[in-house]
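The following exercises concern the sequence and the model displayed below. Each task is followed by a worked solution that proceeds step by step.

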Amino acid sequence: MVLCPECKIISILMKKKSDEGEVVSCTECGTDFEIVTTNPLELKTVGEGYEEDDDDEEESEDGDYS
């Protein structure tokens, strides 16, 4: 079990051999995290930073079709 960066409760279940890129969830708050590195363990909230990229992509697509 691992400390959740969001709710600060030890509640993230991980397999013994979890891999980078794998998604794990907090059993308390339900937040999903991607494993960035396993040694040392670094978690990133799933979807973090992607919303802005998606909006920029849509705008450039609209401009391409003018």
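## Exercise 1. The sheet

Strands S4 and S5, the latter spanning residues 41-45, pair in the antiparallel sense over 5 bridges. The model is a predicted one.

**Task.** Determine in which order the strands of the open sheet are arranged, and which strands stand at its edges.

**Solution.**

Step 1. Begin with the pair just described. The connection from S4 to S5 is a hairpin of 2 residues. Two bridge partners in S5 can be located: Thr45 is the partner of Phe33, and Leu41 is the partner of Thr38.

Step 2. Add the other pairing of S4. Strand S3 (residues 23-25) is antiparallel to strand S4 (residues 32-38), with 3 bridges between them. Ser25 lies opposite Asp32 of S4. S3 and S4 also form a hairpin, here with 6 residues between them.

Step 3. Combine the two pairings. The open sheet has 3 strands in the order S3-S4-S5, with antiparallel pairing. S3 and S5 are the edge strands: each has a single partner strand, so one side of each is without a neighbour in the sheet. On average, neighbouring strands of this sheet are turned by 40 degrees against each other, direction ignored.

Step 4. Place the sheet in the chain. The protein chain holds 5 strands and 1 helix, and the elements follow the order β-β-β-β-β-α from the N terminus.

## Exercise 2. Backbone geometry in the loops

**Task.** Identify which peptide bond is cis and which residue other than glycine has a positive phi.

**Solution.**

Step 1. Establish the usual case. Most peptide bonds are trans, and most residues other than glycine have a negative phi.

Step 2. Examine the peptide bonds. The bond from Asn39 to Pro40 is cis, its omega being near 0 degrees. Pro40 belongs to the loop between S4 and S5.

Step 3. Examine phi. Lys8, a residue other than glycine, has a positive phi near 60 degrees. Lys8 is located in the loop that runs between S1 and strand S2 (10-12). With a relative accessibility of 57%, Lys8 counts as exposed, the cut-off for that class being over 50%.

Step 4. Consider a glycine as well. In the turn of the hairpin formed by S3 and S4, Gly30 has a positive phi of about 85 degrees.

## Exercise 3. Buried or exposed?

**Task.** Assign Ser11, Asp32 and Leu3 to the classes buried, partly exposed or exposed.

**Solution.**

Step 1. Recall the limits: under 20% relative accessible area is buried, over 50% is exposed, and values in between are partly exposed.

Step 2. Apply them to Ser11, a residue of strand S2. Ser11 has 2% relative accessibility and therefore counts as buried. Leaving out residues up to four places away in sequence, Ser11 touches Met1, Val2, Cys4, Ser25, Cys26, Thr27 and Glu28.

Step 3. Turn to Asp32 in strand S4. The value for Asp32 is 33%, so the residue is partly exposed. Beyond the neighbours within four places in sequence, Asp32 is in contact with Val23, Val24, Ser25, Lys44, Thr45 and Val46. The C-alpha atoms of Asp32 and Ile12 are 9.4 Å apart, although 20 residues separate the two in sequence.

Step 4. Finish with Leu3, which is in strand S1 (residues 2-3). Its 47% relative accessibility makes Leu3 partly exposed. Leu3 also takes part in a nonpolar surface patch with Met1, Ile10 and Leu13, and together these residues have about 440 Å² of accessible area.

Step 5. Set these residues against the whole chain. Of the 66 residues, 20% are buried. The exposed area of the protein chain is about 5,100 Å², of which carbon and sulfur atoms supply 45%.

## Exercise 4. Contacts across the sequence

**Task.** State which residues Glu22 contacts outside its neighbours within four places in sequence.

**Solution.**

Step 1. Locate Glu22: this residue is in the loop between S2 and S3.

Step 2. List the contacts. Glu22 meets Lys15, Phe33, Glu34 and Ile35, with the neighbours within four places set aside.

Step 3. Examine one of these contacts. Glu22 and Phe33 are 11 residues apart in sequence, and the distance from C-alpha to C-alpha is 8.3 Å.

Step 4. Compare with the chain totals. Of the contacts between residues at least 6 apart in sequence, 12% join residues at least 24 apart.

Note on methods. Residues are numbered from 1 along each chain as its sequence is written. This is a predicted model: local features need pLDDT of at least 70, side-chain atom pairs count only at pLDDT 80 or more; totals for chains, interfaces and linings use all residues. Side-chain values use heavy atoms; hydrogens and water are left out. Helices (H or I, at least four residues) and strands (E, at least two) are DSSP runs, numbered from the N terminus. Buried means under 20% relative accessible area, exposed over 50%, partly exposed in between (1.4 Å probe, protein chains only). Contact means heavy atoms within 4.5 Å. Accessible areas come from the Shrake-Rupley method with a 1.4 Å probe; for residues, only the protein chains shown count as cover. Patches are made of residues with over 30% relative accessible area and no salt bridge: like charges are joined within 9 Å, nonpolar side chains (Val, Leu, Ile, Met, Phe, Trp, Tyr) within 5 Å. A salt bridge is a side-chain nitrogen of Lys or Arg within 4 Å of a carboxyl oxygen of Asp or Glu. Two strands pair if DSSP finds at least two bridges between them. Axes are lines fitted to C-alpha atoms, for helices over the stretch in contact, and angles run from 0 to 180 degrees between N-to-C directions.
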